[in-house]
Structures are given as C-alpha cells and as structure tokens.
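Q: Could you go through this model with me once it is up on the screen? I'd like to jump between a few topics.
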Amino acid sequence: MGTVGAIRVEELARRAEVSVDTIRFYQKRQLLPPPRREGRVAWYGADHEDRLARIKDLQRQGFSLAVIRRLLDGELDASDAPLAAAVAGAQHGDTELLDLDELAARVGIPAPLVEAVVREGLLTPQQHDGRAGYTLDDVEVLRSGLRLLEAGFPLNDLLDLAKRHHEATRAIAADAVEMFDEHVRHPLQHSDLSDDEKAARLVDAFGTLLPTVTALVAHHFRSVLLEIAQEHLEAVGSPSELAAARNEPAWEHS
C-alpha cells in the first residue's frame with residue numbers, strides 16, 4: 001500500500017488539470033521525476049504536484065520545455081532566467097494565439113497550404129499559456145504571401161525562395177546570437193555585479209538590440225532588393241518600364 005499522501009497518476013492528473021499522457025510525456029522529457037514504485041504500481045507525491053504547477057506557470061510565461069527543464073534543474077544561470085523570459089515575450093507579446101485552422105480562416109486560404117508553409121519552417125508556432133499557436137503577425141505574413149501569389153508568383157517557386165531566405169536568415173541570426181553571447185552576456189556574467197543587476201542589464205541590452213538589429217536587417221534587405229531590381233531593369237527593361245520605375249519614390253532613394 002502507498003504511503004500517506006501518495007497518489008496514483010490519475011489523481012495527480014486530476015489535481016494538476018493535465019492529462020495522464022502529459023504527465024508521462026513530461027517524465028520522458030525529464031521535466032518530472034519518476035514516481036516511487038511498489039511492484040507495478042506507481043506512486044506520486046506533493047513534489048510532483050508542485051513541479052507540475054511550476055511547469056504550467058513557466059509555460060504561461062512563454063518558456064519552451066527545454067528552458068523549463070534547465071530552470072527546474074538549476075542548470076540555467078540566475079541572470080539568464082529574466083533574459084529567457086524577455087526572449088519568450090518578444091516572440092508573441094500579449095497578442096492572442098491562433099491554431100492552424102483559425103490562422104487559415106483569418107487569411108482565407110486552405111489549411112493544407114498553411115501546413116505546407118509550416119513544414120518548410122517559414123512559420124513557427126509560439127508557446128503561450130501552455131499552448132502553441134500563431135500570432136497576428138503570422139496572419140499578415142500569409143496575407144503578404146497571398147498577394148505575391150495573386151501577382152503571378154508560382155507557389156512552388158515562392159516556397160523555395162522563402163525556404164532559402166529562411167535558411168540564410170537562420171545562419172546570420174545564429175552568428176548574431178553568438179556575438180551577443182560573446183560581447184554582452186559573457187562579460188556581464190563574469191562581472192562583479194549582483195545576479196539581479198546582471199539580469200537587468202541583460203534584459204535591457206536585449207530590449208535595445210532586438211529592434212535595432214531588426215530595423216538594420218530590414219533596411220539592408222530592402223536597399224539590396226531595390227538595387228538588384230534597378231540593375232535588372234537597366235539591363236533588360238523597356239524605356240517605358242524604366243521611366244515608370246524612376247517615378248517611384250522608392251527608386252529615387254535606392
């Protein structure tokens with residue numbers, strides 16, 4: 001017989017308001033310690049219940065399961081936790097999250113087409129309040145893609161172009177994160193500041209650098225795109241196309 005206070009997995013699931021499958025999934029991901037066993041019977045205790053409550057709270061803050069495991073196991077530096085929260089918050093903000101069918105309905109395209117975009121890695125679901133979904137920004141991205149299709153871009157070619165852009169962007173973003181690690185995070189971690197001060201400065205640096213880098217990358221891509229378009233038109237465009245293009249404000253500032 002189990003000890004006083006010990007409960008079965010079904011009762012733990014009921015108290016934590018999660019499914020039994022979720023509890024077992026968390027155990028496989030090493031988020032939840034294994035139960036105490038008596039023969040074939042598994043017994044859970046208050047520590048499991050507390051741990052599940054902590055996991056749900058961290059999920060509501062937007063942390064991924066991988067980060068949650070490191071936080072719970074004490075593997076993440078104390079000054080890194082607020083930074084991880086800031087990164088998670090920047091992904092979705094305070095906007096509502098839509099499931100895939102809701103996203104497709106908002107844009108007015110078939111759900112299988114959205115699934116194809118997700119499979120290519122061009123849309124990534126965000127975690128918030130313990131569920132995964134898509135933001136209103138994703139709605140605008142898909143609407144922009146739809147306008148390109150309506151302009152005559154073939155779907156397969158557009159997906160291939162977007163995939164190559166995604167892969168190149170990931171590589172550049174990885175380099176940018178490494179630079180942040182080397183020149184901002186590591187020096188702060190090895191400073192004599194308190195953990196609270198380190199955390200505050202890391203979050204402040206992230207809050208400053210994210211919009212700055214985003215604006216620089218967007219401006220650079222736009223400038224290069226206009227430059228290439230201008231070179232192409234000058235090489236193959238008709239006089240009427242060149243005249244029309246030069247009347248556009250964007251052309252004049254490219």
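Q: Where does Gln30 sit?
A: Gln30 is in the loop between helix H2 and strand S1, which spans 36-38; helices (H or I, at least four residues) and strands (E, at least two) are DSSP runs numbered from the N terminus. This is a predicted model, in which local features need pLDDT of at least 70 and side-chain atom pairs count only at 80 or more, while totals for chains, interfaces and linings use all residues. Residues are numbered from 1 along each chain as its sequence is written, and side-chain values use heavy atoms, with hydrogens and water left out.

Q: And what is the phi of Gln30?
A: Phi of Gln30 is near 65°, a positive value in a residue other than glycine. Most residues other than glycine have a negative phi.

Q: Is Gln30 buried or exposed?
A: Gln30 counts as exposed, at 56% relative accessibility; buried means under 20% relative accessible area, exposed over 50% and partly exposed in between, with a 1.4 Å probe and protein chains only.

Q: Which residue in the loop between H1 and H2 should I look at for phi?
A: Look at Glu17, which lies in that loop and has a positive phi near 60°, although this residue is not a glycine. Glu17 is exposed, with a relative accessible area of 67%.

Q: Back to the loop between H2 and S1: what about Leu32, buried or exposed?
A: Leu32, found in that loop, is buried at a relative accessible area of 4%. Leaving aside neighbours within four places in sequence, Leu32 is in contact (heavy atoms within 4.5 Å) with Ile23, Tyr26, Gln27, His48, Arg51 and Leu52. Leu32 and Asp47 are 15 residues apart in sequence, and their C-alpha atoms are 9.4 Å apart in space.

Q: Changing topic, how many salt bridges are there?
A: The count comes to 15 salt bridges, where a salt bridge is a side-chain nitrogen of Lys or Arg within 4 Å of a carboxyl oxygen of Asp or Glu. One of them joins the side chains of Asp57 and Arg54, at 3.4 Å from N to O.

Q: How are Asp57 and Arg54 placed relative to each other in helix H3?
A: Asp57 and Arg54 are 3 residues apart in helix H3 (residues 46-60), so they are separated by about one helical turn. Asp57 is partly exposed at 29% relative accessibility, and Arg54 is partly exposed at 38%.

Q: What does Glu75 pair with?
A: Glu75 forms a salt bridge with Arg70, and the closest N and O atoms are 3.8 Å apart. Salt bridges with shared partners join Arg51, Arg69, Arg70, Asp73 and Glu75 into one network. Within that network, the side chains of Arg69 and Asp73 meet at 3.3 Å, N to O. Three of the residues count as partly exposed: Glu75 has a relative accessible area of 41%, Arg70 is at 34% and Asp73 is at 38%.

Q: Which charged residue in helix H8 has no salt bridge?
A: Asp138, in helix H8, is buried yet has no salt bridge, and the nearest side chain of opposite charge, Arg106, is 11 Å away; Lys and Arg count as positive and Asp and Glu as negative, while His and the chain ends are not counted. Not counting residues up to four places away in sequence, Asp138 touches Leu103 and Leu123.

Q: Which residues of helix H7 are buried, and what covers them?
A: In H7 (residues 111-119), Ala111, Val114, Ala116 and Val117 are buried. Their cover includes helix H6 (100-107), helix H8 (136-150) and helix H9 (155-189). Just after H7, Gly121 takes a positive phi of about 85°.

Q: Zooming out, how many helices and strands does the protein have, and what share of residues is buried?
A: The protein has 12 helices and 4 strands, and buried residues make up 27% of its 254 residues. Among contacts between residues at least 6 apart in sequence, 58% join residues at least 24 apart.
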